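What follows is a walk through one protein chain, from its overall layout to its individual contacts. Please keep the sequence and the structure in view while reading.

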Amino acid sequence: MKLRETSLNMKANGQLRRDLEQNADEILHKVESIGDAHLMSDLETPLRKDAFVLSPEEKVNRIEEKFADILQILGLDLSDDSLSGTPRRVAKMYVNEIFQGLLPENKPQAKLFDNKYRYGQMLLEKNITVHSYCEHHLVPIIGKAHVAYISSGKVIGLSKINRLVRYFSKRPQVQERLTEQIGAELKNALQTEDVAVYIDAEHMCVATRGVEDASSNTITVHYSGKFKEEAYRNEFLKMIS
C-alpha cells in the first residue's frame with residue numbers, strides 16, 4: 001500500500017513539476033513577445049494586497065539591501081566612497097520621493113468651496129510640471145499637464161490641481177493611465193463631468209534606450225462632459241497652444 005502511495009506521489013510531483021515548467025515557459029514567451037510594447041493593464045495602479053504591510057522605513061531598509069545586490073552584480077565596488085551610500089540614497093528616493101504617490105496617506109485632500117463668483121466659464125490650469133517614471137523601465141517621464149474644468153457650483157483651490165497631478169505622477173506610470181487617473185479624480189473631487197486633461201511628455205525609455213529617439217513626445221488627452229463637444233474642446237486646445 002505504501003509503495004503504491006509513493007508511486008502515485010512521485011507521478012503527481014512529476015506532473016506538478018512539468019506543469020510549473022510549462023507555465024514558466026509560457027510566461028517567458030509572453031514577456032518576450034510583449035518586448036517594448038506600451039501596455040496598460042487597468043485604470044488603477046497595479047498594487048499587491050499586502051502593499052502597505054511594511055512601513056516606509058522598512059521598505060527603505062529592504063530596498064537598500066536589494067539595490068546593493070544589484071550594484072554588486074553589475075560589478076561595482078560598494079566600498080568606494082562615491083558608491084558606498086548609493087543603495088541607501090536610492091532606497092530613500094524610491095520610497096520618499098519619486099514613488100511617494102503609491103502611499104494613500106500622501107493623497108492631497110481636495111477642499112471644495114461654493115462658486116460664489118458665479119464663474120461659469122472654463123477654468124484652465126496650464127503648464128503643470130509632470131515628473132513621473134515609466135513602469136516598464138523605471139526611467140523618467142517628463143512633461144507638462146494642462147487641466148481644465150467647468151464648475152457645477154463648486155470650485156477647488158488652484159494648488160490642489162497641481163498637487164493631484166503630482167500625486168498620481170509620483171509612482172511607476174503609463175501616460176495613458178496617468179491621464180485617466182487625473183481626469184477621474186478631478187471629476188470625483190469637483191462633482192462635475194466637465195473636465196479636460198492634456199499631457200505632453202517626453203519618455204526617457206524612448207529617448208535614451210531602445211530606439212533612442214530624443215525628438216519625439218507623447219500626447220494623451222481626457223475629455224468628458226462638455227469637453228466632448230467640439231466648441232469647448234477647441235477652446236481648450238486654443239488656450240493651451
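Helices are DSSP runs of H or I with at least four residues, strands are runs of E with at least two, and both are numbered from the N terminus. The coordinates belong to a predicted model. By this assignment the helix H5 ends where Gln191 follows, a residue with a positive phi near 60°.

The secondary structure as a whole comes to 7 helices and 7 strands. Their order along the sequence is α-α-α-β-β-β-β-α-β-α-β-α-β-α. The protein has 241 residues, of which 34% are buried. Among contacts with a separation of 6 or more, 69% join residues 24 or more positions apart. The accessible surface is about 15300 Å², and carbon and sulfur atoms supply 52% of that area.

Helix H5 is a convenient place to begin. This helix covers residues 175-190, 16 residues in total, and spans 22 Å between its first and last C-alpha, close to the 22 Å expected at 1.5 Å a residue. H5 is mostly covered, with 12 of its 16 residues buried. The buried set includes nonpolar residues such as Leu178, Ile182, Leu186 and Leu190, but also Gln175, Arg177, Gln181, Glu185 and Lys187.

Part of H5 belongs to the largest nonpolar core. That core has 23 residues, and those that touch the most other members are Val147, Tyr149, Val165, Ile182, Leu186 and Ile199. Two or more residues each come from S2, S3, strand S4 (154-156), helix H4 (158-169), H5 and strand S6 (195-203). H4 gives the largest share, 5 residues. Leu186 shows some of the connections in detail: beyond its neighbours within four places in sequence, Leu186 is in contact with Val147, Leu164, Gln191 and Val195. Gln191 in this list is the residue with positive phi that follows H5. A separate core of 9 residues lies apart from the largest one, and its members include Met122, Leu124, Ala148 and Ala196.

The charged residues of H5 also make links to other parts of the chain. Which residue pairs with Arg177 in a salt bridge? The partner is Glu135, and the closest N and O atoms are 2.7 Å apart. Arg177 lies in helix H5 and Glu135 in the loop between strand S2 (122-134) and strand S3 (140-150), so the pair joins parts of the chain 42 residues apart. Arg177 is buried, because its relative accessible area is 0% and the cut-off for burial is under 20%. Glu135, at 25%, counts as partly exposed.

Glu185, another residue of H5, forms a salt bridge with Lys107, with 3.1 Å between the closest N and O atoms. Here the separation is 78 residues, with Lys107 in the loop between H3 and strand S1 (112-114) and Glu185 in helix H5. Glu185 counts as buried at 14% relative accessibility, whereas Lys107 is partly exposed at 28%.

These two pairs are among the 7 salt bridges in the structure. A further one connects Glu57 with Arg88, whose closest N and O atoms are 2.9 Å apart. Glu57 sits in helix H2 and Arg88 in helix H3, 31 residues apart. Both residues are partly exposed, Glu57 at 44% relative accessibility and Arg88 at 27%. Glu57 and Arg88 also belong, together with Glu64, to a network of salt bridges.

Contacts around helix H3 include those of Thr86, which lies in this helix. Thr86 counts as buried because its relative accessibility is 16%, below the 20% cut-off. Apart from neighbours within four places in sequence, Thr86 is in contact with Phe67 and Leu71.

The region of helix H2 and the loop after it also contributes to the surface. Ile70, Leu74 and Leu76 form a nonpolar patch there, with about 290 Å² of accessible area together. Leu76 lies in the loop between helix H2 (56-73) and helix H3 (86-98). With a relative accessible area of 39%, Leu76 is partly exposed, so it passes the requirement of over 30% for membership of a patch.

How values were computed
Residues are numbered from 1 along each chain as its sequence is written. This is a predicted model: local features need pLDDT of at least 70, side-chain atom pairs count only at pLDDT 80 or more; totals for chains, interfaces and linings use all residues. Side-chain values use heavy atoms; hydrogens and water are left out. Patches are made of residues with over 30% relative accessible area and no salt bridge: like charges are joined within 9 Å, nonpolar side chains (Val, Leu, Ile, Met, Phe, Trp, Tyr) within 5 Å. Accessible areas come from the Shrake-Rupley method with a 1.4 Å probe; for residues, only the protein chains shown count as cover. A salt bridge is a side-chain nitrogen of Lys or Arg within 4 Å of a carboxyl oxygen of Asp or Glu. Buried means under 20% relative accessible area, exposed over 50%, partly exposed in between (1.4 Å probe, protein chains only). Contact means heavy atoms within 4.5 Å. The expected span of a helix is 1.5 Å times one less than its number of residues. A nonpolar core is a set of buried Ala, Val, Leu, Ile, Met, Phe, Trp, Tyr and Cys residues joined through side-chain atoms within 4.5 Å.
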